[in-house]
Amino acid sequence: MSDTERTRVVITGLGVVSSIGLGIDAFTASLREGRSGASPIQVFDTTGYESPVGCEVREFDPVPWFTRLSPHGVGRSSQFSVAAARMAMLDAGLDEDKLRHGGTLVSIGTTDGESQVLDQLAAQWTRNGLDKLDPELVRQAPANRMAVTVAQEFALGGEAMTFSTACAAGNYAIGYAFDLLRSGEVQYAFCGGADSMCRKTYAGFHRLGTIAPTSCQPFDKHRQGILTGEGAGILLLERLESAVARGARIYAEVLGYGLNCDANHMVSPNRESIAECIRIAHSNANIKSEQVDYICAHGTGTMANDTTEVGAICDVFGQLRPPVSSIKSMLGHTMGAASAIASVACASAIHNGFLPPTINHTETDPACPVDCVPNTSRPADLRIVQNNGFAFGGNNAILVYGKVDSGVLS
């Protein structure tokens, strides 16, 4: 193995903004309890939609999380990103000075960028034309504002990277950070994903017929689709020797990842491509399928995704399928934040020893023959965990995490 391959990258800080909790402690407690973040949508006008339910972040105040920039000068997705990044920094026991002088990457994935800003600009354009657009809102609109805002807020001079591979973007961003840490190009990394709810995205999924009326039920025979959600998940990564030297708490190790894009269909997932991505991730992480103790599924609750995802899992794992659950049953589909928040959940599950449940479950679909950890979390000694992330256009990204004190990893 080369020096780069021997370099181990670990998670020492976790930050999360979600409909089921702000901060890693509240989020973990909600995962254990199987709490639902679903409620009537308030963030945009839902006139004309039947039973508009989503997973909004309630009572979020961005002000305490900003020290340099004005939180009112950036969009909601950037507010989420900064808040989750500061949570991760504090959770890791680091300070801004250490990050500034240590070489820190910011790597954030998104689907919609500043979606609510785009909604506002579209409304202004409709009413008054292009000449009357609010220039302040225009400045907030670019998707790269999330990564840039985090870099500016923490006065970081390193790379600020944005990934726009839709609902797999968070995993892409974490994989990129993993590579740069292994190569020695950076010492620390803020990485993950963020998105905020907007009328545009809700309307698009509604027209596709994939919005559930009241609840998300992945792998259930009676599932009816997704609930849209919002939030951010940010991981703070560093090399193992750095974490050990400063006595940091280590949640988990990033073992490797797999990426592919079948470009087969804009919205229909491809079973063979997903199975191949799983194999790529296992190879990159230097593990065998039978070593995986848990899969945090993409698990959207749509007919197409769930059967295709489980089919691919069956192709790779055969009869030795580990438990497979979906946290989207609790916090909805947070788009570009989805796989990043799921990565936070994986790290917490490894560290705290439990399987997050798939709530709202009544009857398993025979076409989805997996143990979906129905409704109630379970204690578990998780050594290796797989996190699936898939997106429109066939963009697949799968991360593999491990328990650092496991003999498998020594």
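## Exercises on a predicted model

The axes of α3 and helix α7 (residues 145–153) come within 9 Å and cross at roughly 45°. The model is predicted, and the exercises below work through its helix pairs, a single helix, two strand residues and two loop residues.

**Exercise 1. Classify the crossing of α3 and α7, and list the residues that make the contact.**

Solution. Start from the angle, roughly 45°. Angles under 35 degrees count as roughly parallel, and 65 to 115 as roughly perpendicular. The two helices are therefore oblique to each other. The crossing is right-handed. Now take the residues. From α3 come S77, S78, S81, V82, A85 and R86. They meet R145, M146, T149, V150 and E153 of α7. Sorted by class, this contact holds four nonpolar, four polar and three charged residues.

**Exercise 2. Do the same for α11 and α12: find the orientation, the handedness and the contact residues.**

Solution. Helix α11 covers residues 271–285 and helix α12 residues 303–317. Their axes come within 8 Å and cross at roughly 50°. That angle makes α11 oblique to α12. The hand of the crossing is right-handed. On the α11 side, R271, I274, A275, I278, R279 and H282 make the contact. On the α12 side, the residues are T308, G311, A312, I313, D315, V316 and F317. By class, the contact of α11 with α12 has seven nonpolar, three polar and three charged residues.

**Exercise 3. Check the length of helix α5 against its expected span, then say what its buried residues pack against.**

Solution. Helix α5 runs over residues 115–128, which is 14 residues. At 1.5 Å a residue, the helix should span 20 Å. The C-alpha atoms at its ends are 20 Å apart, so the two values agree. Next, pick out the buried positions: S115, Q116, V117, L121 and Q124. These pack against α3 (76–92) and α6 (135–140). Finally, look just past the helix. There G129 takes a positive phi of about 90°.

**Exercise 4. Place F390 and N387 in their strand, judge their burial, and trace their contacts beyond sequence neighbours.**

Solution. F390 lies in strand β14 (residues 384–391). N387 is found in β14 too. The cut-off for buried is under 20% relative accessible area. F390 has 4%, so F390 is buried. N387 has 0%, so N387 is buried as well.

Take F390 further. F390 and C167 are 223 residues apart in sequence, but their C-alpha atoms are 6.1 Å apart. Leaving aside neighbours within four places in sequence, the contacts of F390 include C167, A168, I274 and H298.

Then N387. I295 is 92 residues away along the chain, and the two C-alpha atoms are separated by 5.9 Å. With neighbours within four places set aside, N387 has contacts that include N171, C296, S339 and Y401.

**Exercise 5. Which phi values do A155 and N375 take, and where do the two residues sit?**

Solution. Most residues other than glycine have a negative phi. Phi of A155 is near 55°, a positive value. A155 lies in the loop between α7 and β6 (160–163). At 36% relative accessibility, A155 counts as partly exposed. N375 is not a glycine either, and has a positive phi of about 70°. Its place is the loop between β12 (354–355) and β13 (378–379). N375 has a relative accessible area of 34%, so N375 is partly exposed.

Definitions and conventions: Residues are numbered from 1 along each chain as its sequence is written. This is a predicted model: local features need pLDDT of at least 70, side-chain atom pairs count only at pLDDT 80 or more; totals for chains, interfaces and linings use all residues. Side-chain values use heavy atoms; hydrogens and water are left out. Helices (H or I, at least four residues) and strands (E, at least two) are DSSP runs, numbered from the N terminus. The expected span of a helix is 1.5 Å times one less than its number of residues. Buried means under 20% relative accessible area, exposed over 50%, partly exposed in between (1.4 Å probe, protein chains only). Contact means heavy atoms within 4.5 Å. Axes are lines fitted to C-alpha atoms, for helices over the stretch in contact, and angles run from 0 to 180 degrees between N-to-C directions. Angles under 35 degrees count as roughly parallel, over 145 as roughly antiparallel, 65 to 115 as roughly perpendicular and the rest as oblique. A crossing is left-handed if the near helix is turned anticlockwise from the far one by less than a right angle, and right-handed if clockwise. Ala, Val, Leu, Ile, Met, Phe, Trp, Tyr, Cys and Pro count as nonpolar, Asp, Glu, Lys and Arg as charged, and the others, Gly among them, as polar.
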